[in-house]
2 protein chains.
Amino acid sequence: MYKAPVEEIAFTLKHVAGLGPALSEGRFGDLSEDLVDAILEEAGRFAAEEMVPLGEAGDRQGAKLGEGGVVLPTGWADLYRRWAEGGWNGLALDAEYGGQGLPQMLNVAALEMWNGGSMSFTLGPVLTMGAAEALHAHGAAALKERFLPKMVSGEWMATMNLTEPAAGSDLGGLRTRADRRDDGSYRIFGQKIYITWGDHDATDNIVHLVLARLPDAPAGSRGISLFLVPKFLVKEDGSLGARNDLHCHSLEHKLGIHGSPTCTMIYGDGKFGDEPGAIGYLIGEENKGLACMFTMMNNARLAVGMQGVAIAEAATQKALAYARERRQGKAPGWTEAGMSPIIEHPDVARMLVTMKALTQGSRAICYACAHAIDMSHHLEGAEARHFAERAALLTPIAKSFSTDIGVEVASLGIQVHGGMGFIEETGAARLLRDIRIAPIYEGTNGIQAIDLVTRKLPQSGGDHVRGFIEELKAVAVAVDASNRPGFGETATRLLGAIKDLQEATEWLLSKLGEGALAEALSGATPYQRLFGLTLTGAYLAKGALADGDDRREALTRFAAENLLAETAALKSTVTGGAASLAAARAVLA
Amino acid sequence: MYKAPVEEIAFTLKHVAGLGPALSEGRFGDLSEDLVDAILEEAGRFAAEEMVPLGEAGDRQGAKLGEGGVVLPTGWADLYRRWAEGGWNGLALDAEYGGQGLPQMLNVAALEMWNGGSMSFTLGPVLTMGAAEALHAHGAAALKERFLPKMVSGEWMATMNLTEPAAGSDLGGLRTRADRRDDGSYRIFGQKIYITWGDHDATDNIVHLVLARLPDAPAGSRGISLFLVPKFLVKEDGSLGARNDLHCHSLEHKLGIHGSPTCTMIYGDGKFGDEPGAIGYLIGEENKGLACMFTMMNNARLAVGMQGVAIAEAATQKALAYARERRQGKAPGWTEAGMSPIIEHPDVARMLVTMKALTQGSRAICYACAHAIDMSHHLEGAEARHFAERAALLTPIAKSFSTDIGVEVASLGIQVHGGMGFIEETGAARLLRDIRIAPIYEGTNGIQAIDLVTRKLPQSGGDHVRGFIEELKAVAVAVDASNRPGFGETATRLLGAIKDLQEATEWLLSKLGEGALAEALSGATPYQRLFGLTLTGAYLAKGALADGDDRREALTRFAAENLLAETAALKSTVTGGAASLAAARAVLA
């Protein structure tokens, strides 16, 4: 049974990701460490006590499409109301619209716990938060006034409508149409797929953000606009009006996250209203919709990264509990009577320690990303720009590495359980089924790798990433200088990994400079993992340095002497694998 | 839709695994290459045309437990009859009992195709074959006469009953009891779990092989006996008699292989018959049951390895077909109008080529294992002993590496499909759900690694594995001597991997020699992967050397210059990871 790792979360926030210094420098006004601790504690309690039981049952039951629309699993609508009433939805949203304006760091820490409680349930709020941010950043004042306060309070939930059958990773192929109306609104016509929480019975209205194309829009991604399309129209006085012409046509039958309805949405087929066309309101400028959507996608990407962390944590807790109880065989050195707990077997211990290290590494990466986002908002000028670049650099890594780790750790968790792992009632398999979507949605991890290499590395002419690598080196140097024998070979191995990262980075920058895009992209995914593993080593070390606990030291050493061994291979694949990949395309013909 | 890769299978058998030389040396009597080709062709046709459609539908429907026992999915009983009538069940079984006595190499090649057609369906026959082998090797003549011909023809199916709630990897904890009866038979009492095809409606009798303990048996694994316990007793004249006192109590709700019934079996609770106790017949000697069971487990392990190969092949075919059709974005160098097929994107190409290389590598390892089994039967004296050691060495690698690859490739297959990969109707997710059991059953891959390190490496004082490594080196030398530029850095990289394997092997042998078991076992799993990857490189190279096709060369080069980069990390983890793992156990406390 998942228990929110509140202490570990607080430690990572404060001593690894930068919350401690930010608080003591007063970056977040009068936010105190005590308040932080109280928020984390209460979020953890809510996740474990209220979400876990309903989450598990709800995923067994699944969301259903009935006559009147989608019905969430039993108890979820009520769970959502209690959660929203707790003020959790607006935690990091603007105080002007009713939010609490707290740092993203706290929000992602809470998100980790919600996802640990129930990933399927938490998907709904995540989408609402992202939509609220996009509307806040790009919407006209009147539109914000009418919709934002209820999206911030959670009274209305919201969705993102991007994907269509022919427009997934490449939104340029988008076909949904928006016709201008005389009153300044638009009529939307089209089909959207994979719409998470596209319909449900938790709130009395749902605010859809929909990408669509004007009749005279340029082709491709420069002709896409963003619209706000409510399920029910909202009158001047804020009360609900007529049903808008949109509905959920069907639900997907998915590998996992069965409690979360994944909808095919139909806009403007005339099912509702007096004439066909769902009424929508432009957000931002015409044809600039993609830029508006990217606002919410960046935070959504980090939020998906948190799913990876959360599921990895849940899988580790579950496997650890099982491995302590289950007895089979006699491990080397086992002298007591009877069989040993399987945790005593070196192979099982290796799996569990690996799970721990990867979970904590991916957590630190995500929190560091949130820290950068916060600093980009709370600092100014060059400092703000520096952290904006840091956030931009870390976002694809946080999304891709953490979700890959989520899958890897969930699969290891099944393995630790042996035969029980394959039985659904155990719950270990569900974690793998649920998290397997995370490397795919919000931009596949391959797309993240393209983003990382082609857009993030070249920031400030490559100097941003170079500076970041120097920061990592300083951690390794500090490990070396600490002279703590428990670190073993950590300093050497970490420096080696950082050197691999540095060489791979320079190679990629030089290929980009030459315009050799295919070569650079051939190794983008291995590079992304190289970055994530090196950060894992560095952040674990940073935590261990901040703390006298031998266990952090030992975990860091394990990561450095085992997991970081992979970085040399990854570097070699990045810098030396392109030619052989090009030649091997012949086998795909 | 899965299509049996008959040509690739035939090539690997003949030119990589050793079937070609064995045929030309007349090791298999008058078996000709033409007959081999005809058998493979027909097996491939049956798998693709008859198994695929019923397999997919059957996994959706699932096996059900009704009043009268387990009911297989619609059409499966009939599919089984057609399959058995084709003579496939007895392909490699003894001609004396009605089998065809063909080499294991052909049998595993056919098994690959059956599993590609339907893994859930094929599980039934695999268990029957294993049980027939165990009975053949250890049963008394009268018992064999009564049961074996119908098990060979497939008229009756059979099962393996090992696991109990407290006895999984360690069978020493087994509690099922066998009481002696005056007539030389036994009464069996107990509960067995995870019994694959433990009950069904495909045959009118089911022959259960059951491990149980005599009342006066020594404790632990030296007190286990093997019994044949038929669902229906068999009269002297071979006709069916009374229902024996055993039944399927419940079916497991599993992550995958839903068409395959996984039963909890109850023996001797008095549900059937005039007095409680299922009637069983001893196979082999009392208290020597584990040795008898190991006969069937070794071949079953290779058969599970084939599941990994088959699912990897199916996943690769499916992903390749999708990646050729699906268009998104513009890949570097794409000059045609519109979006490019995603196969043109370097990241997608990398996934697909990796899938191809790992699939072909694991196939070659399994076939080489089957070759060694065949040679150990068809040669004599020292030669036979040599190949028996080779088979023993390769079995844990074939089982573990291929099943890990099955999971890895199936997961990559989902990723290639993007959002579609998470939708059950696509079929990509089912492959992952199905294959996830394979690293667990028939001895978890961790157990395989313990077997590999502690029992297989020390064969002939370590000289067997040393000799094998020299054979691999000869392949790398031949690549070097070939001077074919398409091989790129293959020779150097392959020699490097072999050196890593050699060093890791010597380190493990020396630790075993010192009695430092915990140290040796700390790296057993990474060692197993190191061995599998190195073999992948060597066998791909062997195939490419045997053939003028540039594509084999290119695939070998890709594997050598990308996948083999991992071997240095694995070696370093094997030889340098134990101390840090031991220290990190503190974090599990």
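Start with chains A and B together: a turn of 180° and a shift of 0.0 Å along the axis lay chain B on chain A with an RMSD of 0.0 Å, copies being superposed by least squares on the C-alpha atoms of residues with pLDDT of at least 70 in both. That is the relation of a two-fold axis. Select B:E566 next; in chain B its C-alpha is the one nearest the axis, 3.3 Å from it. Then show the interface: 100% of the interface residues of chain B are also interface residues in chain A, so the copies meet through the same surface (contact means heavy atoms within 4.5 Å).

This is a predicted model, in which local features need pLDDT of at least 70, side-chain atom pairs count only at pLDDT 80 or more, and totals for chains, interfaces and linings use all residues. Residues are numbered from 1 along each chain as its sequence is written, chains are lettered from A and ligands numbered from 1 in the order in which they are written, and side-chain values use heavy atoms, with hydrogens and water left out.

Now colour chain A by domain. The assignment, automatic or from a database, gives domain 1 (6-153), domain 2 (157-287) and domain 3 (445-579). The centres of domain 2 and domain 3 of chain A, taken over C-alpha atoms, are 41 Å apart.

Next, select three spans of chain A that carry UniProt annotations from an unreviewed entry; such annotations may be inferred rather than shown by experiment. Helices (H or I, at least four residues) and strands (E, at least two) are DSSP runs, numbered from the N terminus.

- Residues 160-266, "Acyl-CoA oxidase/dehydrogenase middle" in UniProt: 0% helix and 45% strand, with the end C-alpha atoms 14 Å apart.
- Residues 287-452, "Acyl-CoA dehydrogenase/oxidase C-terminal" in UniProt: 73% helix and 0% strand, with the end C-alpha atoms 25 Å apart.
- Residues 470-583, "Acetyl-CoA dehydrogenase-like C-terminal" in UniProt: 83% helix and 0% strand, with the end C-alpha atoms 36 Å apart.

Finish with the cavities. A cavity is a set of points on a 1 Å grid over the protein atoms alone where a 1.4 Å probe fits but cannot get out, and lining residues have an atom within 4 Å of a point. The structure has nine of 30 Å³ or more, and the largest has a volume of about 180 Å³. Select A:E56, A:G116, A:A314, A:R430 and A:L431, which lie nearest its centre among 18 lining residues. Two or more lining residues come from each of α3 (33-61), α5 (104-117), α8 (289-325) and α11 (428-435) of chain A. α8(A) gives the most, four residues.

Methods. 1 Å grid on protein atoms, 1.4 Å probe; cavity = no way out; pocket = protein on both sides within 12 Å on 5 of 7 lines; lining within 4 Å. Points joined across faces, edges and corners; volume = space filled by probe spheres on them.
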